[in-house]
Amino acid sequence: MKKRLRKKKHLGEFTEWGRQLVILRNLKNGFDEFLDAFIEEAIELNGCCCGGGGKENKLDVVVELGCRSDDPDARLKRITAWLDARSDVESWKVGEEFDLWHGDFQDIDDEIEQQESA
């Protein structure tokens with residue numbers, strides 16, 4: 001397949017990788033401030049973007065980490081280091097890496113809820 005088509009179809013070296021990230025906070029208030037700081041300081045400063053949502057003490061997002069040439073593992077380490085430095089973050093869990101355009105998404109939030117109810 002020609003490079004132009006690989007880029008258009010997000011294949012090969014143009015594959016965009018992402019991971020699900022579920023964050024549990026130890027506070028129920030101040031969610032909007034936490035979300036703003038998370039997006040600005042952890043996501044955007046690392047050249048990433050994310051989508052998802054949450055409320056009160058839980059945030060569930062899919063983080064776009066970029067192509068292999070963008071070093072997605074280093075970006076994820078910087079994001080999780082930011083979470084570790086926050087006193088209002090109780091815990092966080094990262095899902096398996098997957099192709100954002102063509103991959104199978106495994107929702108880790110279902111696993112977390114099953115563990116909590118057991």
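A residue is called buried when its relative accessible area is under 20% and exposed when that area is over 50%, with partly exposed in between. Keep that cut-off in mind as we walk through this predicted model, starting with helix H3.

Helix H3 covers residues 72–85, and its 14 residues, at 1.5 Å each, should span 20 Å; the end C-alpha atoms are indeed 20 Å apart, so expectation and model agree. Along this helix, Pro72, Arg75, Leu76, Ile79, Thr80, Trp82 and Leu83 are buried. They cover an arc of only 150° around the axis, which puts them on the same side of H3. Turn to the face that points away from this buried side and you meet the exposed residues Lys77, Asp84 and Ala85.

What lies over the buried residues of H3? The cover includes strand E1 (17–25), helix H2 (31–43), strand E3 (58–66) and strand E4 (89–94). Thr80 makes a handy example from this helix. Its relative accessibility is 10%, so Thr80 counts as buried. Setting aside residues up to four places away in sequence, Thr80 touches Trp92 and Val94.

From here it is a short step to the interior. The largest nonpolar core holds 18 residues, and those with the most contacts inside it are Leu21, Ile23, Phe34, Phe38, Val63, Ile79 and Leu83. Two or more residues of this core come from each of E1, H2, E3 and H3, and H2 gives the most, with six residues. Leu21 shows how such a residue is surrounded: beyond residues up to four places away in sequence, its contacts include Phe38, Val63, Ile79, Leu83 and Trp92.

Now for the strands, with E3 as our guide. E3 is mostly covered, as seven of its nine residues are buried. On one side, E1 and E3 run antiparallel and are joined by eight bridges; here Trp17 stands opposite Gly66 in E3. E3 also pairs with strand E2 (residues 49–55), again in the antiparallel sense, over seven bridges. In that pairing, Cys49 has Glu64 of E3 as its bridge partner. E2 and E3 form a hairpin with two residues between them, and Glu56 in the turn has a positive phi of about 50°.

Strand E2 also contains Gly54. Is Gly54 buried, exposed or partly exposed? With a relative accessible area of 44%, Gly54 is partly exposed. Apart from neighbours within four places in sequence, Gly54 is in contact with Phe31 and Leu59. The C-alpha atoms of Gly54 and Leu35 are separated by 9.2 Å, while the two residues are 19 residues apart along the chain.

Finally, the aromatic rings. A pair of such rings is described by the distance of the centres and the angle of the planes. The whole structure has four aromatic pairs. In one of them, the ring centres of Phe38 and Trp82 are 5.8 Å apart and the planes meet at 55°, so the pair is tilted. This pair links distant parts of the chain, since Phe38 sits in helix H2 and Trp82 in helix H3, 44 residues apart. Phe38 and Trp82 are both buried. Another pair, Phe98 with Phe105, is edge-to-face, with 5.3 Å from centre to centre and 65° between the planes. Phe98 is buried at a relative accessible area of 10%, whereas Phe105 is partly exposed at 41%. Back at the helices, Phe34 joins Phe38 and Trp82 in one aromatic cluster.

Notes: Residues numbered from 1 in each chain as written. Predicted model: local features only at pLDDT ≥ 70, side-chain atom pairs only at ≥ 80, totals over all residues. Heavy atoms only, no water. Helix = DSSP H or I, 4+ residues; strand = E, 2+ residues; numbered from the N terminus. Expected span 1.5 Å × (residues − 1). Buried < 20%, exposed > 50% of the residue type's maximum accessible area, 1.4 Å probe, protein only. Arc of directions from axis to C-beta. Contact = heavy atoms within 4.5 Å. Core = buried A, V, L, I, M, F, W, Y, C linked by side-chain atoms within 4.5 Å. Pairing = 2+ DSSP bridges. Phe/Tyr/Trp six-rings, centres within 6.5 Å; stacked < 30°, edge-to-face > 60°.
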